[in-house]
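Q: Please take a close look at one strand in this predicted model. Describe how that strand is covered and paired, and then set it against the rest of the chain.

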Amino acid sequence: MYPIDKIIFGDNQFFGINHMSQEKAQQLAEKFYNNSSIFKVYNMAFDCGIRAIMLNSNDRAKDICKHFISNKSKYPDLNWYPSIPYPHKYANLVSEKGIIPTINEILFKDNSAIGVLGIIAKGSSAVLSKDAIKLMKMLIDVEMKMFRGLNVKVIFLQNIITDLFLGYEIADIFYEYCKYIREKYKVLPGLITQNMPVLKTKLEEWNIEEVVICTSFNKIGYLMSPDKESYIAAAANNDSDKYQLMAMSTLASGAIPAKEAYNFINQQNIDSVVFGASSKNHIEETVSLINIKKPKLCTY
């Protein structure tokens, strides 16, 4: 399993997402109303040495991808970590149109780039047979269309999907997802979760290996189920040849000072950190503080 980037630049700040403060989320949404503001921050991150991007597959992500594809010669060494699907997009469509019209909207609208006839043939079979695996593969193809032409290293399944199927212990979905990502896209499959200890245990039980697990990991146990201690123990015993661990929510949406947060993170047996920031000072500070290593002893 090839190694993932140590530091990855996230995107929550660009789309008005802050789990602790609705007011701050609104401020971010206003700040990044124009895509030009987003590209300025990306350039700041690149100036600080970051060469990896995690991006949710929402509607604005299409324009971001188009920008980088059109200017690929200016960014020749960027690695991409798509996160699919963007759940709010589908939730809004289902609320507005219903389930079946939503399937038609997503699967059969403007898909010439991936082959209309192929999509329709696969889609008709899947819808008629209610084959969830085929539908899943089709949705992956639709979501990944915007990333075509970029250097993708890992394709992540969003935590709302991962944890739903984890709760029902549906091994086939995980197996087929990981297999499809490897075979069709020739990259590593990734799973985002808010219950890393259970997910890792189940993947081991199901013999699904060479997976990147992205999970909340921070000093106060924010969005870490069942608790921080379980995460530390699971990470300490992890074999990175089977499961590379990527930490997100390291600052707990601003509840932990950066120096304190990364002093904790640097002691853990993790492989990568994804973080978002909207100013050069915050990006520089974070990059300077992250010093991921494999500790001999992991302390609580």
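A: Strand S7, residues 243-248, is mostly covered, with six of its six residues buried. The burial holds on both faces of S7: Tyr 243, Leu 245 and Ala 247 lie on one side, Gln 244, Met 246 and Met 248 lie on the other, and all are buried.

S7 pairs with S6 in the parallel sense, over six bridges. In this pairing, Ile 213 is found opposite Leu 245 of S7. The connection from S6 to S7 runs through H11, and this β-α-β crossover is right-handed. S7 also pairs with strand S8, residues 272-275, again in the parallel sense, here over two bridges. Met 246 is the residue that stands opposite Ser 272 in S8. From S7 the chain passes through helix H12, residues 258-265, to reach S8, and the handedness of this β-α-β crossover is right-handed.

One residue of S7 can be followed to the start of the chain. Tyr 2 belongs to the segment before strand S1, which covers 7-9. Outside its neighbours within four places in sequence, Tyr 2 contacts Lys 153, Val 187, Leu 188 and Gln 244. Tyr 2 and Gln 244 are 242 residues apart along the chain, and their C-alpha atoms are 9.7 Å apart. Tyr 2 has a relative accessibility of 32% and therefore counts as partly exposed, whereas Gln 244 is among the buried residues of S7.

The region around H11 adds an aromatic contact. Phe 217 and Tyr 231 form an edge-to-face pair, with 5.7 Å from centre to centre and 90° between the planes. Phe 217 sits in the loop between strand S6 (211-216) and helix H11 (228-236), while Tyr 231 is in helix H11, so the pair ties together parts that are 14 residues apart in sequence. Both rings are covered: Phe 217 is buried at a relative accessible area of 1%, and Tyr 231 is buried at 0%.

Phe 217 also leads into the nonpolar interior. The largest nonpolar core has 71 residues, and those with the most contacts inside it are Phe 9, Tyr 42, Leu 55, Phe 68, Tyr 177 and Phe 217. A second, separate core of 14 residues includes Ala 52, Phe 156, Leu 188 and Met 248. Met 248 brings the account back to S7, where this residue is on the side shared with Gln 244 and Met 246. In soluble globular proteins, nonpolar side chains tend to be buried together. Of the residues with the most contacts in the largest core, Tyr 177 touches Ile 84, Met 136, Ile 140, Ile 155, Phe 156, Leu 157, Pro 189, Gly 190 and Leu 191, leaving out residues up to four places away in sequence.

Strand S2 can be described in similar terms. S2 spans residues 52-56 and is mostly covered, with five of its five residues buried. Ala 52, Met 54 and Asn 56 point one way from S2, Ile 53 and Leu 55 point the other way, and all are buried. S2 pairs with strand S3, residues 79-84, in the parallel sense over five bridges. Within that pairing, Asn 79 in S3 is the bridge partner of Ala 52. Together with helix H3, residues 59-70, these two strands make a right-handed β-α-β unit.

Aromatic rings also gather elsewhere. A cluster linked by ring pairs contains Phe 9, Phe 14, Phe 15, Phe 39, Tyr 42, Phe 46, Phe 68, Tyr 75, Trp 80 and Phe 275. Phe 275 falls at the end of S8, the strand of residues 272-275 that pairs with S7.

For the chain as a whole, the secondary structure comes to 13 helices and eight strands. Buried residues make up 48% of the 300 residues. Among contacts with a separation of 6 or more, 75% are between residues 24 or more positions apart.

As for confidence, the chain averages a pLDDT of 85, and 78% of the residues score at least 70. Over residues 112-121 the pLDDT is below 50, and this stretch has 13 contacts in the model beyond near neighbours in sequence. Residues 296-300 also stay under 50, with nine contacts beyond four places in sequence. Where pLDDT is low, the predicted coordinates should not be read in detail.

Technical notes
Residues are numbered from 1 along each chain as its sequence is written. This is a predicted model: local features need pLDDT of at least 70, side-chain atom pairs count only at pLDDT 80 or more; totals for chains, interfaces and linings use all residues. Side-chain values use heavy atoms; hydrogens and water are left out. A nonpolar core is a set of buried Ala, Val, Leu, Ile, Met, Phe, Trp, Tyr and Cys residues joined through side-chain atoms within 4.5 Å. Buried means under 20% relative accessible area, exposed over 50%, partly exposed in between (1.4 Å probe, protein chains only). Contact means heavy atoms within 4.5 Å. Helices (H or I, at least four residues) and strands (E, at least two) are DSSP runs, numbered from the N terminus. Two strands pair if DSSP finds at least two bridges between them. A crossover is right-handed if, with the strands pointing away from the viewer, the path from the first strand over the helix to the second runs clockwise. Rings of Phe, Tyr and Trp (its six-membered ring) pair if their centres lie within 6.5 Å; planes under 30 degrees apart count as stacked, over 60 as edge-to-face and the rest as tilted. pLDDT is the predictor's confidence in each residue, from 0 to 100.
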